[in-house]
Amino acid sequence: MTDQTTPRPVIEARDLKTHFQGRTGIFNALAGAKPAVARAVDGVSLSINAREIVGLVGESGCGKSTLGMSLVRMYQPTSGQISFDGDDITHVEGRRLKAYRRQAQIIFQDPYSSLNPRLTIGQIIEEPLIIHGIGNAAERRAKVIRAMDIVRIPASENIDRFPSDLSGGQRQRIAIARTLVLEPRFIVADEPVSMLDVSIQASVLELLEELSRELGLAVLYISHDIATVGYICKHVAVMYLGRIVEEGRAEDILAEPLHPYTQRLMASIPRMDPGEIPERTELRGDVPSPMNVPPGCRFSTRCPCATDLCREIEPELCEQPGGQRVRCHIHDDRGARQRPDLERPEAGRITEIADAGLLAEATE
Ligand SMILES: Nc1ncnc2c1ncn2[C@@H]1O[C@H](COP(=O)(O)OP(=O)(O)OP(=O)(O)O)[C@@H](O)[C@H]1O
Ligand code: SF4
Ligand SMILES: [Mg+2]
């Protein structure tokens, strides 16, 4: 319930699922087989307030972009609910969907292919205003100049240039200006700096942080790199195979990750001397296919602490004394109470593995 002390989230997802229907080969279809289903997003709940940047991290293929695209309604969720400013927009269509899309924008990873090379910078930023039927030519021009001003690409020198005249960092700023020109309240930034040179990544992240603060934007910042989320996010959610497995304050999660998957992501951060990471702390293997989700805990096929309990019962997200929420039987005894005959994974083994990696170095 929202009261005066609890701000109402700009965007809120409840038990959101986005599944994709796979194709069935002709022989399987004749044999009556149902097409496989990819459970890309499989029961995610999260909320983001104005002026808040929530980081969403996880390996390739764990469902981050599908969640982002579902939240801005580029994908139609299979079930669950999305609320924007308290209004249920999960199934809106037509004019209401167009109005929502004006408020909820997405910035993509690739600043090279996301801008039409045949249009000038001014035309690129103006395009969404034309699509949404906003203003006359002079009003649109004023909005374009203001958006360029906000991202600090001076219009006087750049408005008639082409994307090929700009650097990667400048192009990503133009992509941000293109989303800002519609004055959105919610932005999904899907790996916005991963294709940029390391030297300019920080400036683009700082710009996002500043925009969120000054324009009151709610931002979902997607990254496969848990190291970068600490720069700009106060809250972090870690995703694995379609589900959130750990979430909480960024400082807590980065300092003391509780879920074995998050611990492994932290231990995989490249170090100055790669020899410092003991081999056993590295994240091995790939995320299983969302068409073939393992029973029980989804991480059990890669978790060194997995027991039969993990392979039987999927843990729930459970709040910890420090406020972090974790989906793991080590941190929640509900699964063990359900199946007392099965061995519960031990916290001691996790500590031992974590101690061998980055966490031990942090405390040295
Ligand atoms: N349109 C689609 N149809 C079928 N499957 C899809 C579709 N889009 C994504 N998937 C599958 O859903 C899963 C999640 O994909 P998604 O792109 O959301 O992952 P991601 O976390 O963003 O990965 P990355 O870090 O590589 O961008 C993948 O297994 C992917 O193959
Ligand atoms: S529930 Fe078991 S398999 Fe899953 S993360 Fe925890 S210890 Fe590992
Ligand atoms: Mg992605």
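Student: Of the 364 residues of the chain, what percentage count as buried?

Tutor: A residue is buried if 20 or more other C-beta atoms, placed from the backbone, lie within 10 Å of its own. In this chain, 40% of the 364 residues count as buried. The model is predicted, so local features need pLDDT of at least 70 and side-chain atom pairs count only at pLDDT 80 or more, while totals for chains, interfaces and linings use all residues. Residues are numbered from 1 along each chain as its sequence is written, and chains are lettered from A and ligands numbered from 1 in the order in which they are written.

Student: Which residues of the largest nonpolar core touch the most other members?

Tutor: In soluble globular proteins, nonpolar side chains tend to be buried together. A nonpolar core joins buried Ala, Val, Leu, Ile, Met, Phe, Trp, Tyr and Cys residues through C-beta atoms within 7 Å. Here the largest core has 83 residues, and Y221 and V238 touch the most other members. The strand β2 (a DSSP run of E, at least two residues, numbered from the N terminus) gives the most to this core, with 6 residues.

Student: Which residues surround ligand 1 most closely?

Tutor: A residue belongs to the shell if its C-beta atom, placed from the backbone, lies within 6 Å of the ligand. Of the 13 residues around ligand 1, F20, A40, S60, S65 and T66 come nearest. Both β2 (37-48) and α2 (64-71) give two or more residues to this shell, and α2 gives the most, with 3.

Student: Which residues are the closest to ligand 2?

Tutor: Ligand 2 is surrounded by 13 residues, of which C297, C303, C310, C328 and P345 are the closest.

Conventions
Helix = DSSP H or I, 4+ residues; strand = E, 2+ residues; numbered from the N terminus. Buried ≥ 20, exposed ≤ 12 C-beta atoms within 10 Å, placed from the backbone.
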